[in-house]
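Colleague: Hi! I have this model open beside my bench notes, and I would love a close look at one spot, with whatever surroundings help me to find my way.

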Amino acid sequence: MRHVAIVGSGPAGYYTAETLQKADDIAVDVIDRLPVPYGLIRTGVAPDHQSIKAVSRRYEGTALTDNVRFVGHVSVGSDVTIDELVGLYDAVVLATGAPNDRPLDIPGAGLAGVIGSAAFVGWYNGHPDFAGLDPPLDAPGIAVIGNGNVALDVARILAKTPGEFGGSDIVAHARDALAKSAVREIHILGRRGPHQIAMTPKELGELGHLERASPRVDPADLPPEGDDAMLEPGMRKSVTHLRQFAANPVAKPVTIDFDFFAMPVAIEGEGKVQRVIVERTTLDEDLRSHGTSETYAVEAGLVISCIGYQTPPIPGVPYEHGRGRFASDEGRILPGLYAVGWARRGPSGTIGTNKPDGARIGEMVLEDIGRGAGKAGRPGLDALLAGRGISPVTFRDWRRIEEAEVAAALDGNPREKFTSIEAMLQAIGR
Ligand code: NAP
């Protein structure tokens, strides 16, 4: 028997498990710190993008195969160490994603009301770590920093009316707080221009169909239309949306302003954020942005920085600080230790990008471990955890938590999530 542990039950973890479980004589344990599986599908993907979340049914199929087991509510690092796992399993695959925000390194970034997207997205998605965030939504201005899809998710969620959350699984605390929001102007600050955005067309197009909010683009920021021809087709579609927003400004109570060539250089306020100081930029030949020393202020009572994520380092595991990911040779970190998904590649690509990644790492592991080295594996982990008084949450337990969440859903919504670990455990009688 060969034994593999996967740390992290998000897309990268389950796509890896999907490949591994097809092999003979293998036992795969998918370990997660939370009592609930699916990682970013549950707590990252926007609650109004249910079609993307539907992929969790595929992971469920993998989780329910005989040779795959979910080991929930077990923290690697405190309940069990990486070294212990490497001792117990033929291979340990880190599929821990990139849950930490890249720091916004400007004066004032520590003021109250300046929040990273990991925290804000975690808050509206009911991640137990961020359920108590309580972001200030009492000022009309909000600044969203970054020109990626996360900035779009955040701006759209801030702009939606309660009715537009019908059919979503946004959690009650966010639904209630957003319903009372004073927001009138959302500024999306991009340090480069329309041709340098990292936003995909479908997500950008959604901004054109909001009930009370409309996007604004200054036509002067757009490059000559002929230049769009050199863009790859997806980007061209995205830029076409921006051109449409610029050509047809629609008056609605909430505006979503795209501030291009706009680099936040400081955040100011008395005890809490009141404004972002933005420096206008130009681009050099290599399309890098440079300040022009012309500045302006964006009034904002909440600043959400959506400038990318990083994987938290683990002591003793080689790490690339500049890239915010584990250091690996195509996935091999150290003998018996692997990385997959964002923990390997860094925080880019869609959920689907993890599918070929998981398959490759799964095959690499199978090739490396051969028939296995007679390690203790699953029974070994169970004995170690039992000795420490730790009782993992099983997949069967998770399905009971899920049933309770589905039963608590508002009419038309798929579920009402538990937002604390205690409430999740209570649902299974612990
Ligand atoms: P991202 O796509 O890497 O975008 C990060 C943005 O932050 C870029 O516009 C970048 O600008 C900007 N930025 C970085 N450092 C900055 C700084 N110091 N000051 C100002 N701006 C800064 O990251 P993301 O939006 O977090 O998304 C992560 C991944 O998840 C992406 O692959 C994304 O497509 C994916 N995702 C997909 C969906 C979806 O498909 N619906 C939803 C959410 C996320 P520069 O280009 O100038 O560096």
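Could we begin with Asp25: what is its relative accessible area, and does that make it buried, partly exposed or exposed?

Modeller: Happy to! Please keep in mind that this is a predicted model. Asp25 has a relative accessible area of 45%, so it is partly exposed: the value falls between the 20% under which a residue is called buried and the 50% over which it is called exposed. You will find Asp25 in the loop that runs between helix 1 (11-20) and strand 2 (26-31). Its backbone deserves a look too, since Asp25 has a positive phi of about 50 degrees although it is not a glycine.

Glu330 makes a good companion to view next. Although it is not a glycine, Glu330 has a positive phi of about 60 degrees. Its loop links strand 17 (325-326) to strand 18 (332-334). With a relative accessible area of 48%, Glu330 is partly exposed.

For a loop residue with little accessible area, turn to Ala300. This residue sits in the loop between strand 13 (289-299) and strand 14 (302-305). Its relative accessibility is 4%, so Ala300 counts as buried. Ala300 and Ile267 are 33 residues apart in sequence, while their C-alpha atoms are 9.5 Å apart in space.

Now follow the chain to helix 14 (395-407), which holds two residues to compare. Arg400 lies in helix 14, and at 40% relative accessibility it counts as partly exposed. Glu405 lies in helix 14 as well, but its relative accessible area is 1%, so Glu405 is buried. Each has a partner further along the chain. From Arg400 to Ala427 there are 27 residues in sequence and 7.3 Å in space, C-alpha to C-alpha. From Glu405 to Lys417 there are twelve residues in sequence, and the C-alpha to C-alpha separation is 5.4 Å.

Just past that helix, stop at Arg415. It belongs to the loop between helix 14 and helix 15 (421-426). Its relative accessibility is 19%, which is under the 20% cut-off, so Arg415 counts as buried. The side chain of Arg415 makes a polar contact with the side chain of Asp169, at 2.6 Å.

Arg415 leads us to a pocket. The second largest pocket has a volume of about 200 Å³. It is lined by 14 residues, and those closest to its centre are Tyr38, Ile41, Lys53, Ser56 and Arg415. Several helices contribute: helix 2 (40-43), helix 3 (50-53), helix 4 (56-63) and helix 14 each supply at least two residues of the lining. By type, that lining divides into seven charged, five nonpolar and two polar residues.

Finally, let us visit the ligand. There are 20 residues around it, the closest being Asn147, Arg191, Arg192, Glu203 and Gly349. Some polar side-chain atoms are worth picking out on your screen. One belonging to Arg191 lies 2.8 Å from an oxygen atom of the ligand. For Asn149, a polar side-chain atom lies 3.0 Å from an oxygen atom of the ligand. In Glu203, a polar side-chain atom is found 3.0 Å from a nitrogen atom of the ligand. On its own the ligand has 920 Å² of accessible area, and the protein covers 79% of that. Sorted by type, the shell around the ligand has eight nonpolar, seven polar and five charged residues.

Helix 7 (residues 149-159) gives the largest share of that shell, with three residues. This helix is mostly covered, with nine of its eleven residues buried. The buried residues are Ala151, Leu152, Asp153, Val154, Ala155, Arg156, Ile157, Leu158 and Ala159. When you look along a helix, it helps to remember that an α-helix has 3.6 residues a turn, so residues three or four places apart point the same way.

To come back to where you began: Asp25 is partly exposed, and it sits in a loop with a positive phi.

Notes. Residues are numbered from 1 along each chain as its sequence is written. This is a predicted model: local features need pLDDT of at least 70, side-chain atom pairs count only at pLDDT 80 or more; totals for chains, interfaces and linings use all residues. Side-chain values use heavy atoms; hydrogens and water are left out. On a 1 Å grid over the protein atoms alone, a cavity is a set of points where a 1.4 Å probe fits but cannot get out, and a pocket is an open set with protein on both sides within 12 Å along at least five of seven lines; lining residues have an atom within 4 Å of a point. Grid points are joined across faces, edges and corners, and a volume is the space filled by probe spheres set on the points. Helices (H or I, at least four residues) and strands (E, at least two) are DSSP runs, numbered from the N terminus. Ala, Val, Leu, Ile, Met, Phe, Trp, Tyr, Cys and Pro count as nonpolar, Asp, Glu, Lys and Arg as charged, and the others, Gly among them, as polar. A residue is near a molecule or strand if one of its heavy atoms lies within 4 Å of it. A polar contact is a pair of N or O atoms within 3.5 Å; within protein, one must be able to donate a hydrogen and the other to accept it, and residues adjacent in sequence count only if both atoms are side-chain atoms. Accessible areas come from the Shrake-Rupley method with a 1.4 Å probe; for residues, only the protein chains shown count as cover. Buried means under 20% relative accessible area, exposed over 50%, partly exposed in between (1.4 Å probe, protein chains only).
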